[in-house]
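Dear colleague,

Please find below the structure that I am handing over to you. A short account of what was found in it follows.

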Amino acid sequence: MEKTQRGFAGFVKRNWLVIVSGLFIGAAAVVLSALGNPKNMGFCIACFERDIAGALLFHKAEVVQYFRPEIVGIVIGAMLMAMIRKEWRPQGGSAPFTRFLLGMFVMIGALVFLGCPLRMVIRIGGGDVNALIGLGGFVVGILIGVIPLKLGFSLNRAYKQKTTEGLFFPILLVILFVLSLVTNLFAKTEDATKPGGQQAVWYAALLIALVVGALCQQSRLCMAGGVRDAVMFRDFHLIYGFISIIIAVVIGNLIRNTFSFGMTGQPIAHTDSLYNFLGMALVGWGSVLLGGCPLRQLVLAGEGNSDSAVTVFGFIAGAAVSHNFKLASSANGIGEGPVLPVLIAGFVFLAVLSVFNSKRRA
Amino acid sequence: MMIDARGLSCPMPVLLVQREVKKNQTKTVEVLVDNMTAVGNITRFAVSQHYEVRTEETAGEYRMTLWK
């Protein structure tokens, strides 16, 4: 039984964990970059799932193929923490195919911008102004997504599932990860000048990500939830986490002398503001309809939510589509494929879904 | 008033509570949720609206009572 606590003590009690988590993730991102991960990409859920899609040969972009230990660590860290805290629950059945499609479009948008919301925040902390433009798009996307929520948008309920349904995803990840370590089955970018070839040593990446996953599970940190809750409930809880990440990344970059403010010459970023904006708008809107950003989907999948596991596979499929059809951007600019038509298709999909799933329930 | 918010994604549970409180000015609201994220969200919302909150766990589900 819990009694309400108010005032400063209540504020600290309710917010300390999300702030500590944010600071840790920000610091971890800088450390992972120092250990070999790409610049301003200590963590990036979208990029790392894209690398995994490449490792599994779902796409053949040779510069971005690596079975990233960070993804495994976050899922397993969240799983173990949820089990310890008795919050692990096999659950699913809430519009899985719709979530798969949402995952695909969120990933396509993220790879147009070059980063998930977490990397956007990390890029902002590195001084990348393009990421501020991405943030603008992200916020606009969330504001659009809040409208259907207020009108009763729903993907329907998830229900309790068998234990296996909640365990298959983390088990599969671990098996594939071990295979990536002990066999040559999977593709791996060797060129250290390419993003996929820039790799922090695997055990450090795994260990740090385990802690991040555990912290995120307990703090419920979510990039999309921060803006959404501030708008809908005047609840700034998750925004504190968001800001904490930026603060830690800025400090870390200043210490490492890697802070560089501006638009041009930013690591693994392009300067096409329209597409940075549109890409993240798609991510913001899609994430709100999913109920959480890509990082949050990983954590939920670790907690036993198979809808989120399906969503993660949607991300991976989206990454494959992005690279197979040249929709993904690079440091040179947006892709040569039909980027704009696909982004428009994504917005149309979100609009149709928002309208048809927003019937107010009595 | 009992709201069954089990199995709903974020932020539906707290949204249903907000809707009920705004529409009917309900003094006492009972909510059934099945995850701690929803418990946290609803608790923060309740505090911001000057409600008292009590949460009881039974078999992996949380029965929350908000009153003022």
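**Findings on the cysteines and the overall fold**

Over all chains, the structure, which is a predicted model, holds one disulfide. The bond joins Cys44(A) and Cys47(A), whose sulfur atoms are 2.2 Å apart. This link is right-handed, with 65° about the S-S bond. Both partners lie out of reach of the probe for the most part: Cys44(A) is buried at a relative accessible area of 0%, and Cys47(A) counts as buried at 2%.

Two further cysteines deserve a remark. Cys216(A) has its closest cysteine sulfur in Cys293(A), at 8.4 Å, which is too far for a bond. The sulfur of Cys222(A) also has its closest cysteine sulfur in Cys293(A), and the distance of 4.0 Å is again too far for a bond, because a disulfide requires sulfur atoms within 2.5 Å. Cys216(A) is buried, with a relative accessible area of 0%, and Cys222(A) is buried with 4%.

As regards the chain as a whole, chain A contains 14 helices and two strands. Its radius of gyration is 19 Å, close to the 21 Å given by the globule rule for 362 residues, so chain A is as compact as a globular protein of that length. Along the principal axes, its C-alpha atoms fill a box of roughly 55 × 45 × 40 Å. Of the 362 residues, 61% count as buried.

Finally, chain A carries 29 positive and 16 negative side chains, and the centres of these two sets lie 10 Å apart.

Yours sincerely

Notes: Residues numbered from 1 in each chain as written. Chains lettered and ligands numbered in written order. Predicted model: local features only at pLDDT ≥ 70, side-chain atom pairs only at ≥ 80, totals over all residues. Heavy atoms only, no water. Buried < 20%, exposed > 50% of the residue type's maximum accessible area, 1.4 Å probe, protein only. Helix = DSSP H or I, 4+ residues; strand = E, 2+ residues; numbered from the N terminus. Rg over C-alpha atoms; globule rule 2.2 N^0.38 Å. Lys, Arg positive; Asp, Glu negative; His and termini not counted. Charge placed at Lys NZ, Arg CZ, Asp CG, Glu CD.
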